[in-house]
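Reader: I would like a close look at one part of this protein, the place where a pocket opens. Please take me through what surrounds that place as well.

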Amino acid sequence: NDQSVFAVVSLTKEWQKGRAEVVYSRYETGGGNTVNSSIVDDVSFYAKYRYDQKWDAWMSLGWNRRQAISDDLRVSPDRDFTRYRVVGTVTRNIFPRLDVVAQVDYIHRKEKRQLQTDPETESLTGFISLRYNFDPIVF
């Protein structure tokens, strides 16, 4: 099968101090002349809220699944990858061009394989930084 299909659906809601968005996308490919096909589903949720002139909060939730389907299991076994992700960010404006940013990022990945063990990984990262906002360069 040489056909590929791609679709995206999104819903967005805006408030005076915030914004939220939900996005679903799906991509299917027949693999062309190869023995592999793939299907990718992705659901994401984004939210941003501005408390006042100095504080912002941003959050992202995501789920992603990718299936690799083989026509010939001797060449390549079927696989199923799933990922969950949560990101949270808080920004505090100190001076007109200087912000303090704190972020936490959690990712959980799982892979299902035929005839093999299923690896699973988790990662948690975070940082606190200073961000300077330069003047825009006009061309």
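Author: What follows starts with the whole chain, turns to the pocket, and then walks through the strands.

The model is predicted. The protein has 139 residues, and 22% of them count as buried. Its secondary structure comes to seven strands and zero helices. Read along the sequence, the pattern is β-β-β-β-β-β-β.

Now the pocket. How much space lies in the largest pocket? The answer is about 190 Å³. A general idea helps here. Roll a probe the size of a water molecule over the atoms, and it shows where empty space is left.

Which residues line the largest pocket? Start with Asn64 and Arg66. Then come Phe81, Thr82 and Arg83. Next are Arg109, Lys110 and Glu111. Pro119, Glu120 and Thr121 complete the lining. Sort the lining by class, and you get six charged, three polar and two nonpolar residues. Pro and Phe count as nonpolar, so Pro119 and Phe81 are the two nonpolar residues in this lining.

Where in the chain does the lining come from? Four strands each supply at least two of its residues. They are E4 (55-70), E5 (79-95), E6 (98-113) and E7 (120-132).

Two of the lining residues deserve a closer look. Arg66 stands opposite Phe81 in E5. The side chains meet as well. The charged end of Arg66 sits over the ring of Phe81, 4.2 Å from the ring's centre. Both Arg66 and Phe81 belong to the lining of the largest pocket.

Now follow the strands that supply the lining. E4 and E5 run antiparallel and are joined by 14 bridges. The pairing of Arg66 with Phe81 is one place to see E4 facing E5.

E5 goes on to E6. These two strands also run antiparallel, with 16 bridges between them. E5 and E6 form a hairpin, and two residues lie between them. Look at the partners here. Phe95 has Leu98 in E6 as its bridge partner. Asn93 is paired by a bridge with Asp99 in E6.

E6 then pairs with E7. Again the strands run antiparallel, this time with 13 bridges. Val104 stands opposite Gly126 in E7.

Stay with E4 for a moment. Two of its residues show how burial can vary along a strand. Is Ser70, in strand E4, buried or exposed? Ser70 has a relative accessibility of 9%, under the 20% cut-off, so this residue counts as buried. Trp58 also has its place in strand E4. Its relative accessible area is 33%, which falls between 20% and 50%, so Trp58 is partly exposed.

Each of these two residues also has a partner that is distant in sequence. Ser70 and Ser37 are 33 residues apart in sequence. In space, their C-alpha atoms are 6.3 Å apart. Trp58 and Thr91 are likewise 33 residues apart in sequence. Their C-alpha atoms are 8.5 Å apart in space.

Next, the start of the chain. Strand E1 (residues 4-14) and strand E2 (residues 18-29) pair in the antiparallel sense over 11 bridges. E1 and E2 form a hairpin with three residues between them. Ser10 has Val23 in E2 as its bridge partner.

E2 is also joined to strand E3 (residues 36-50). There are 12 bridges, and the two strands run antiparallel. Tyr24 is matched with Val43 in E3.

One last feature concerns the rings. How many aromatic pairs does the structure hold? There are three. One of them is formed by Tyr49 and Tyr51. Their ring centres are 4.9 Å apart, and their planes meet at 75°, so the pair is edge-to-face. The cut-off for edge-to-face is over 60 degrees. Tyr49 has a relative accessible area of 38%, so it is partly exposed. Tyr51 is partly exposed too, at 45%.

Back to the pocket, to close. Its space comes to about 190 Å³. Six of its lining residues are charged. Among the lining residues are Arg66 and Phe81, and the charged end of Arg66 sits over the ring of Phe81.

Conventions
Residues are numbered from 1 along each chain as its sequence is written. This is a predicted model: local features need pLDDT of at least 70, side-chain atom pairs count only at pLDDT 80 or more; totals for chains, interfaces and linings use all residues. Side-chain values use heavy atoms; hydrogens and water are left out. On a 1 Å grid over the protein atoms alone, a cavity is a set of points where a 1.4 Å probe fits but cannot get out, and a pocket is an open set with protein on both sides within 12 Å along at least five of seven lines; lining residues have an atom within 4 Å of a point. Grid points are joined across faces, edges and corners, and a volume is the space filled by probe spheres set on the points. Rings of Phe, Tyr and Trp (its six-membered ring) pair if their centres lie within 6.5 Å; planes under 30 degrees apart count as stacked, over 60 as edge-to-face and the rest as tilted. Buried means under 20% relative accessible area, exposed over 50%, partly exposed in between (1.4 Å probe, protein chains only). A charge sits over a ring if NZ of Lys or CZ of Arg is within 6 Å of the ring centre and within 35 degrees of the ring normal. Two strands pair if DSSP finds at least two bridges between them.
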